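Visitor: Please show me the structure, and then I will ask about it piece by piece.

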Amino acid sequence: MATITPDIALAADPATAKQPTTKRDYPGALVVVEGIDGSGKSTQLYLLKRWLEIGGYRIHFTEWNSSPLVKSATRRGKQRRLLTATTFSLLHAADFADRCERQIMPLLHGGYLVLADRYIYTAFARDGARGCSPHWLRNLYSFAPTPDITFYFRAPLDVAVNRIVAGRPKLKYYEAGMDLGISLDRSESFRIFQERILNNYDQMVETDHFVLMDGTVRVNKLQKLMRQIVSEKIALQQFAPKKK
Amino acid sequence: MTRSSNKTHIRVPQNGHPAKKRRAPVAAEIPSRFYGTPLPGVRPEELSGTLVVIEGTDGSGRSTQISLLTEWLESQGFAVQTMGLRRSYLVGEDIDALLAENAVTRMTLALMYSTDFFDQLERRILPALRSGLIVLADRYIFTLIARAAVRGIGRDYLHGIYETALRPDLTFWLNVRPEIAFDREFKKSQTISYWESGRDMSLSNDLFQSFIRYQSMIKREFEYLSKRHGFLELDGESSVSAVNRELRKRIASHLGIRSTQYRPSHALSHLWR
């Protein structure tokens with residue numbers, strides 16, 4: 001694809017362009033899990049959440065695409081297949097912004113440990129696979145706080161795809177990336193779409209400091225490792241129940 | 001109507017694109033239809049239509065002018081498509097509901113508006129432009145940028161979101177003083193809207209003061225945007241017929257229409273003053 005030099009009229013003014021901030025001005029912490037469907041990330045985050053809940057820590061769990069705000073629009077768009085790469089991406093960004101401004105940010109300022117099942121990297125990987133420019137996506141989500149830990153669960157494509165296909169009678173249109181017109185066969189389309197997403201994730205491992213987790217390792221063993229990493233990287237005592 | 005016969009770059013000086021650019025080969029001119037990277041899947045060379053944007057606050061006479069221009073263009077044999085805020089099938093009604101609740105935060109609202117904008121652009125406006133229609137936009141990205149910017153969202157961030165948008169062929173700004181806009185709006189609806197007076201920003205408990213302060217902030221953003229994007233500024237306080245004459249003159253020159261004579265039909269004569 002030919003690259004087009006951005007016009008100065010709309011390009012960011014280098015003098016005023018903000019550098020991405022990694023400085024945290026809140027007492028809370030943010031732990032996120034990322035990975036393609038079937039990589040085991042949700043199971044692992046659930047177990048981490050249970051461990052922290054049972055210990056009485058101040059935590060909040062949030063997941064991608066869960067707010068009622070854009071539900072009707074998403075449903076409308078998906079039912080009638082009206083979503084383009086851009087509107088699909090913007091709708092999810094609006095949904096994320098709502099969660100970010102009304103849950104994640106206030107909780108981080110209030111000193112909570114926030115656990116997120118998928119975060120902005122899902123948009124970078126998935127919407128990038130749909131054809132949105134990486135530069136445009138990075139800007140779109142630049143308001144999001146940077147996670148303290150990003151666990152990237154990686155399973156070989158075949159393993160992940162088989163886990164999903166086996167558990168689901170029929171793949172949904174957008175889920176299978178049918179809007180991309182890669183293949184008329186849903187399973188085939190899903191596989192190619194997931195492969196593209198996987199490649200996009202792989203490219204972020206270094207730039208975004210992902211903690212790589214092998215999704216083929218036994219569940220309890222992987223969870224032990226996850227808990228160990230969280231304990232090392234986050235001062236958990238600050239989220240511990242307050243003694244009276 | 002083809003683009004090569006247009007005189008786009010004579011009358012619309014745009015940053016980074018001096019007037020002599022029109023003599024450059026067509027291939028070099030294609031990127032100028034978008035601000036940055038074009039939307040995924042769009043081939044700029046297919047877009048043979050013309051995009052005319054009319055910006056201005058509520059009470060500046062935008063909608064009146066668009067009704068009159070539509071009639072004039074149709075009488076000249078041009079097919080017209082219109083767009084405006086909150087008119088998308090995808091999220092138009094959702095935004096109405098959010099606004100009614102007053103519970104939405106600024107970033108979410110800004111992104112819902114951008115979804116609304118791109119849904120209209122991709123599914124209605126680009127197809128219209130591919131078919132060679134004239135699109136009259138009742139507000140465009142500039143209002144969306146100005147509204148979000150006065151609420152503290154970074155200008156560069158906003159410009160980044162809209163860099164995949166189509167650059168208008170002509171952008172008119174109907175400039176009116178906030179006091180005049182207030183009078184016109186109040187006369188029309190006997191009240192002033194919550195959002196048009198920026199009441200979410202806690203500027204003043206007095207509705208009039210709040211409206212004036214908010215509209216002054218928006219106006220300052222527009223002055224900045226006008227320089228940056230080469231708006232054609234018109235005095236929105238002039239009579240409807242005078243503003244319309246100026247609009248027709250500019251559009252006619254752009255499209256190569258010889259006659260700018262126009263009298264509204266009986267159906268629209270009530271707008272003429």
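Visitor: Is Q81(B) buried, partly exposed or exposed?

Guide: This is a predicted model, and every value below is computed from it. The relative accessible area of Q81(B) is 23%. Buried would require under 20% and exposed over 50%, so Q81(B) is partly exposed.

Visitor: In which strand is Q81(B), and which residues does Q81(B) contact beyond its neighbours within four places in sequence?

Guide: Q81(B) has its place in strand β2 (residues 80–84) of chain B. One partner, R124(B), is 43 residues away in sequence, with a C-alpha to C-alpha separation of 8.4 Å. With neighbours within four places set aside, the contacts of Q81(B) are R124(B), I125(B), A128(B), L133(B), I134(B), V135(B) and L136(B).

Visitor: Where is S197(B), and what is its relative accessible area?

Guide: S197(B) belongs to the loop between α8 (178–189) and α9 (207–229) of chain B. Buried means under 20% relative accessible area. S197(B) is buried, since its value is 0%.

Visitor: Which residue has its backbone oxygen 2.7 Å from a polar atom of the S197(B) side chain?

Guide: Residues up to four places away in sequence are left out of the contact list of S197(B), which holds I192(B), L207(B), S210(B), F211(B) and Y214(B). The backbone oxygen at 2.7 Å from a polar atom of the S197(B) side chain is that of S193(B).

Visitor: How many residues of chain A are in contact with chain B, and what area is buried between the two chains?

Guide: On the chain B side, 38 residues take part, and they contact 40 residues of chain A. Y89(B), L90(B) and D156(B) supply 17% of the area that chain B buries against chain A, more than any other three residues. Carbon and sulfur atoms give 62% of the area buried between the chains, which is about 3400 Å².

Visitor: Which residues of chain B and chain A meet in a salt bridge at 3.0 Å, N to O?

Guide: Between chain B and chain A the count is 2 salt bridges. The cut-off for such a pair is 4 Å. The pair at 3.0 Å, N to O, is formed by the side chains of D94(B) and R76(A).

Visitor: Which element gives the largest share of the side of chain B that touches chain A?

Guide: Polar contacts across this interface involve 14 residue pairs, both residues being at pLDDT 80 or more. At least two residues of the chain B side come from each of α4 (92–101), α5 (106–130), α7 (155–161) and α9 of chain B. The largest share, 11 residues, is that of α5(B).

Visitor: How many residues of strand β3 (residues 113–117) of chain A are buried, and which ones lie on each side?

Guide: The strand is mostly covered, with 5 of its 5 residues buried. One side of β3(A) carries L113(A), L115(A) and D117(A), and the other carries V114(A) and A116(A).

Visitor: Which residues of β3(A) are the bridge partners of V31(A) and T62(A)?

Guide: Strand β1 (residues 29–34) of chain A runs parallel to β3(A) and is joined to it by 5 bridges. Strand β2 (residues 59–63) of chain A also pairs with β3(A) in the parallel sense, over 5 bridges. The partner of V31(A) is L115(A), and that of T62(A) is A116(A).

Visitor: Why is the sulfur of C100(A) not bonded to the closest cysteine sulfur, and how many disulfides are found over all chains?

Guide: The closest cysteine sulfur to that of C100(A) is in C132(A), and the distance of 19 Å is too far for a bond, because a disulfide needs the sulfur atoms within 2.5 Å. C100(A) is buried at 2% relative accessibility, and C132(A) is buried at 5%. Over all chains, the number of disulfides found is 0.

Visitor: What is the phi of R81(A), and what is that of H209(A)?

Guide: R81(A) is in the loop between α2 (71–79) and α3 (85–109) of chain A, and is partly exposed at 46% relative accessible area. H209(A) is in the loop between α7 (186–207) and β5 (210–214) of chain A, and is exposed at 64%. Each has a positive phi in a residue other than glycine: near 50° for R81(A) and near 55° for H209(A).

Key
Residues are numbered from 1 along each chain as its sequence is written. Chains are lettered from A and ligands numbered from 1 in the order in which they are written. This is a predicted model: local features need pLDDT of at least 70, side-chain atom pairs count only at pLDDT 80 or more; totals for chains, interfaces and linings use all residues. Side-chain values use heavy atoms; hydrogens and water are left out. Helices (H or I, at least four residues) and strands (E, at least two) are DSSP runs, numbered from the N terminus. Buried means under 20% relative accessible area, exposed over 50%, partly exposed in between (1.4 Å probe, protein chains only). A polar contact is a pair of N or O atoms within 3.5 Å; within protein, one must be able to donate a hydrogen and the other to accept it, and residues adjacent in sequence count only if both atoms are side-chain atoms. Contact means heavy atoms within 4.5 Å. Two strands pair if DSSP finds at least two bridges between them. Buried area is the accessible area (1.4 Å probe) that two parts lose on being put together, summed over both.
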